[in-house]
Amino acid sequence: MIHSIPPEEVLIQNESELVLKVKIVSASDYFDGHFPNFKLLSAVAQIDLLAHYAAKYFELPLSTPKIKRFKFADKILPDTSVIFKINFDSASGKVTFDISDSEKGTSYSSGTYMVELA
């Protein structure tokens, strides 16, 4: 379990596409010290989770060295279930993602980054 986040539910998984359902529980240490009176999942925590899942399922490095675009559109609050949609283009090393609410479909964040290919 990463940062007290329960195991993810895999909805779609193939060589280039991954869709996960993840519960961001209030007990997660991602919320420790970040706005104590108004807890939210920070941008750094979102990037960390994204890199973790990309590394786990696509065997990519945990680093995000060439960030092309990251857009943070809304706040992820404690006890929210989210959908991570991650696409990986192995030819170019491009990773695109969208994190959205699992019930409302509202996008919380999206973006693109590049990984170094061996």
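Strands here are DSSP runs of E at least two residues long, numbered from the N terminus. In this predicted model, one such run is β6, and Ser109 sits in it.

Ser109 is a handy place to start. With a relative accessibility of 1%, it falls under the 20% cut-off and so counts as buried. Its side chain isn't left without a partner, though: it makes a polar contact with the side chain of Gln46, at 2.7 Å. Setting aside neighbours within four places in sequence, the contacts of Ser109 are Gln46, Lys71, Phe72, Ala73, Phe97, Asp98 and Ile99.

Gln46 leads straight to the helix α1, where it is one of the buried residues. The others on that list are Ala45, Leu49, Leu50, Ala51, Tyr53, Ala54, Ala55, Tyr57 and Phe58. What sits over them? The cover for the buried residues of α1 includes β1, β2, β3, β4, β5 and β6. β2 covers residues 17–24, β4 runs over 80–89, β5 over 94–101 and β6 over 107–114. As for the helix geometry, α1 has 16 residues, which at 1.5 Å a residue should span 22 Å; the C-alpha atoms at its ends are 22 Å apart, so the two agree.

Then there's the backbone. Most residues other than glycine have a negative phi. Two residues in this model go the other way. Just after α1, Glu59 takes a positive phi of about 55°, and it is not a glycine. Glu59 belongs to the loop that links α1 (43–58) and β3 (66–72). Its relative accessibility is 74%, over the 50% mark, so Glu59 counts as exposed. Ser4 likewise has a positive phi, of about 65°, without being a glycine. Ser4 is located in the segment before β1 (9–13). At 34% relative accessibility, Ser4 lands between the 20% and 50% limits and therefore counts as partly exposed.

Finally, the surface. Which residues form a nonpolar patch there? Phe35, Phe38 and Leu77 do, with about 290 Å² of accessible area together. Phe35 is placed in the loop between β2 and α1. Its relative accessibility of 47% is why Phe35 counts as partly exposed.

Technical notes. Residues are numbered from 1 along each chain as its sequence is written. This is a predicted model: local features need pLDDT of at least 70, side-chain atom pairs count only at pLDDT 80 or more; totals for chains, interfaces and linings use all residues. Side-chain values use heavy atoms; hydrogens and water are left out. Helices (H or I, at least four residues) and strands (E, at least two) are DSSP runs, numbered from the N terminus. Buried means under 20% relative accessible area, exposed over 50%, partly exposed in between (1.4 Å probe, protein chains only). The expected span of a helix is 1.5 Å times one less than its number of residues. Contact means heavy atoms within 4.5 Å. Patches are made of residues with over 30% relative accessible area and no salt bridge: like charges are joined within 9 Å, nonpolar side chains (Val, Leu, Ile, Met, Phe, Trp, Tyr) within 5 Å. Accessible areas come from the Shrake-Rupley method with a 1.4 Å probe; for residues, only the protein chains shown count as cover. A salt bridge is a side-chain nitrogen of Lys or Arg within 4 Å of a carboxyl oxygen of Asp or Glu. A polar contact is a pair of N or O atoms within 3.5 Å; within protein, one must be able to donate a hydrogen and the other to accept it, and residues adjacent in sequence count only if both atoms are side-chain atoms.
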